[in-house]
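This report goes through a few local features of one protein chain. Please keep the sequence and the structure at hand while reading.

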Amino acid sequence: MSAKYDLIVIGSGPGGYVAAIRASQLGLKTAVVERAELGGICLNWGCIPTKALLKSAQVFEYIKHAKDYGINVGDSSADFTAVVKRSRDVANGMSKGIQFLFRKNKIDHIPGFGKLVAGKKVEVTAADGKKEVYEANHIIVATGGRSRELPNIKIDDNKIIGYRKALVLEKKPESMVIMGSGAIGVEFAYFYSTMGTKVTVVEYLPNIVPVEDEEVSKQLEKEFKKAGIDILTNASVESVDTSGAKAKVNIKTQAGNQTIECDVVLSAVGISTNIEGIGLEELGVATDKGKVVVDDFYRTNIPGIYAIGDIVKGQALAHVASAEGIICVEKIAGQNPEPLNYGNIPGCTYCSPEIASVGLTEKQAKEKGYELKVGKFPFSASGKASAAGAKEGFVKLIFDAKYGELLGAHMIGLNVTEMIAEIVVARKLETTGHEIIKAVHPHPTMSEAIMEAAAAAYGEVIHL
C-alpha cells in the first residue's frame with residue numbers, strides 16, 4: 001500500500017485538474033491518476049487544439065479577403081501540415097503548463113489507469129502492466145467522455161473518423177461529410193471548408209446547432225451556405241460504404257435517399273461517457289443512462305466517492321466540469337458552496353461567425369408561459385462591426401415582460417464568445433433590462449450591441 005491521501009482524483013481534464021488544484025489550495029493532500037496527457041481531452045484533443053486550428057483558418061480567411069481592407073497580398077496557400085503542427089504545439093504547451101501547476105501546488109501525478117476498489121482505494125495499472133493501490137479519504141471520478149459511435153457506422157480512423165483523428169489528419173481531404181451539427185460538427189465544418197475541403201453537414205433535426213435559438217441556427221446556416229458548405233437538415237446517414245477508394249455515404253432525406261462520395265466521414269454525433277471498467281459496478285455506485293447519479297455536491301450513493309464532469313448530469317462542457325470540481329472539493333473541505341445553477345451556463349461555438357448563448361431560447365420561454373419582451377440588435381448597425389468588416393449576426397435578448405428578468409441571450413457574430421460572460425454575470429446578479437440599458441457601454445465596441453438589444457426590447461433603441 002502506498003501513502004494515503006486526503007483526495008485522489010481519477011482523470012486530469014478540466015474537471016479533474018481544477019478540482020485537484022482547489023483541493024490543494026484548501027490544504028488537502030492530493031493526487032491525480034491519469035493514463036494519458038495531463039489536461040485530459042479538452043486541453044489535448046478538444047477545446048484548445050481545435051481553437052488553434054480555427055485561428056489558423058481565420059488568419060487564412062483574413063488573407064484571402066485582405067483586399068476588402070485595402071491590403072494587397074500576393075498568392076497565398078495554407079500549409080495543412082504546418083497548421084496541424086501548430087495546433088499540437090499549442091496543446092503540448094498547455095499540457096506542460098498543467099505539469100507546472102501540479103508541482104506548484106504539490107499535487108502528485110500517478111500515471112496509469114485508475115480503478116475504484118473497496119475501502120476508498122484506487123488500483124492504478126501502469127503502462128507496463130504493474131498494479132499499485134492507493135488509498136484516500138475521498139475519491140473524485142472525473143473520467144470524461146469520448147466520441148459516440150452510431151451502431152451502424154463504426155469509426156475506423158481511416159475513412160470514418162472521430163474528432164481526435166480530425167485534429168491530426170496527415171493531409172487535407174478534398175471532400176468531407178460531417179454527421180452532426182453541434183459545436184464539434186460546425187467548428188470542423190468551418191475549419192475544413194476554409195482550408196479548401198468540400199464539406200457537407202448532415203443534421204437529423206430541422207436546424208443546425210439545434211440547441212441554439214432558431215434565429216441563430218438560421219443565421220449560421222445562411223453564412224455556411226454562403227461559404228460553400230452544403231447543409232442537409234431533417235436528414236440522416238444510413239450507411240457508409242468504405243470498400244472503394246472513396247467513402248460512399250447513403251443519406252436519407254425528406255426528398256428521398258441520396259449518395260455522396262467523399263474522402264472522409266467525420267462522426268460528430270455527441271459523446272459517450274467513460275464509466276466502463278473503472279469499478280463503479282463492483283462498488284455499487286448508482287448510474288442512470290450512462291451517467292453517474294450524484295447530488296448537488298457530486299456525492300454518489302457510496303460515501304467518499306464523488307463524480308464530476310461529462311459523466312454526471314448537466315451540460316458536457318469544460319467550464320461546467322471545472323465549476324463542479326470546485327464545488328465538490330469545497331464541500332469536502334467543509335466550506336459551504338452553493339449548488340451550480342445549470343440554467344445559467346454559457347455555451348460557445350467557435351466557428352465563424354461565432355455563437356454564444358445562455359438561458360432560455362425564445363421558444364423555450366414561450367413554452368414555459370412567460371410573456372416576453374424580445375430585443376434584437378443586428379451587427380449591421382454596429383459601427384465597430386462595420387469597421388471590422390464583420391457585419392453578419394446579431395445579439396438577441398429575451399426578458400420576462402412582467403418583472404424584467406433576463407431569461408436568455410443569444411448571439412452570433414465576431415467575438416460573441418467573449419461577450420457572453422456579461423450576460424452570465426447579469427443573470428447571476430438578477431439584473432433587469434433597464435439596468436443593462438443604463439449601464440454605459442464603451443463606444444465603439446461589439447458589446448454595445450448588448451445594451452442596444454436591451455433597449456430594443458423596451459422600445460428605446462437609438463441606432464435602429
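The sections below cover a helix, a loop residue and a surface patch in this predicted model.

## Helix H1

Helix H1 spans residues 16-25 and is mostly covered, with 8 of its 10 residues buried. The buried residues of H1 are Gly16, Tyr17, Val18, Ala19, Ala20, Ile21, Ala23 and Ser24.

Several elements contribute to this cover. Among the strands are E1 (4-10), E2 (30-34) and E6 (131-141). Helices H4 (80-104) and H9 (318-332) also help to cover the buried residues of H1. After H1 comes Gly27, which has a positive phi, near 90°.

## Gly11, in the loop before H1

Gly11 lies in the loop between E1 and H1. Its relative accessible area is 9%, so Gly11 counts as buried, the cut-off being under 20%.

Leaving aside residues up to four places away in sequence, Gly11 touches Gly16 and Tyr17, as well as Val32, Val33, Glu34 and Ala142. Two of these contacts, Gly16 and Tyr17, are also among the buried residues of H1. Thr125 is 114 residues from Gly11 along the chain, and their C-alpha atoms are 14 Å apart.

## A nonpolar surface patch

Val59, Tyr62, Ile63, Tyr69, Ile71 and Val73 make up a nonpolar patch on the surface. Together they have about 510 Å² of accessible area.

One member of the patch, Val59, sits in helix H3 (residues 47-64). Is Val59 buried, partly exposed or exposed? Val59 is partly exposed, because its relative accessible area is 40%, and the partly exposed class lies between under 20% and over 50%.

Terms used:
Residues are numbered from 1 along each chain as its sequence is written. This is a predicted model: local features need pLDDT of at least 70, side-chain atom pairs count only at pLDDT 80 or more; totals for chains, interfaces and linings use all residues. Side-chain values use heavy atoms; hydrogens and water are left out. Patches are made of residues with over 30% relative accessible area and no salt bridge: like charges are joined within 9 Å, nonpolar side chains (Val, Leu, Ile, Met, Phe, Trp, Tyr) within 5 Å. Accessible areas come from the Shrake-Rupley method with a 1.4 Å probe; for residues, only the protein chains shown count as cover. A salt bridge is a side-chain nitrogen of Lys or Arg within 4 Å of a carboxyl oxygen of Asp or Glu. Helices (H or I, at least four residues) and strands (E, at least two) are DSSP runs, numbered from the N terminus. Buried means under 20% relative accessible area, exposed over 50%, partly exposed in between (1.4 Å probe, protein chains only). Contact means heavy atoms within 4.5 Å.
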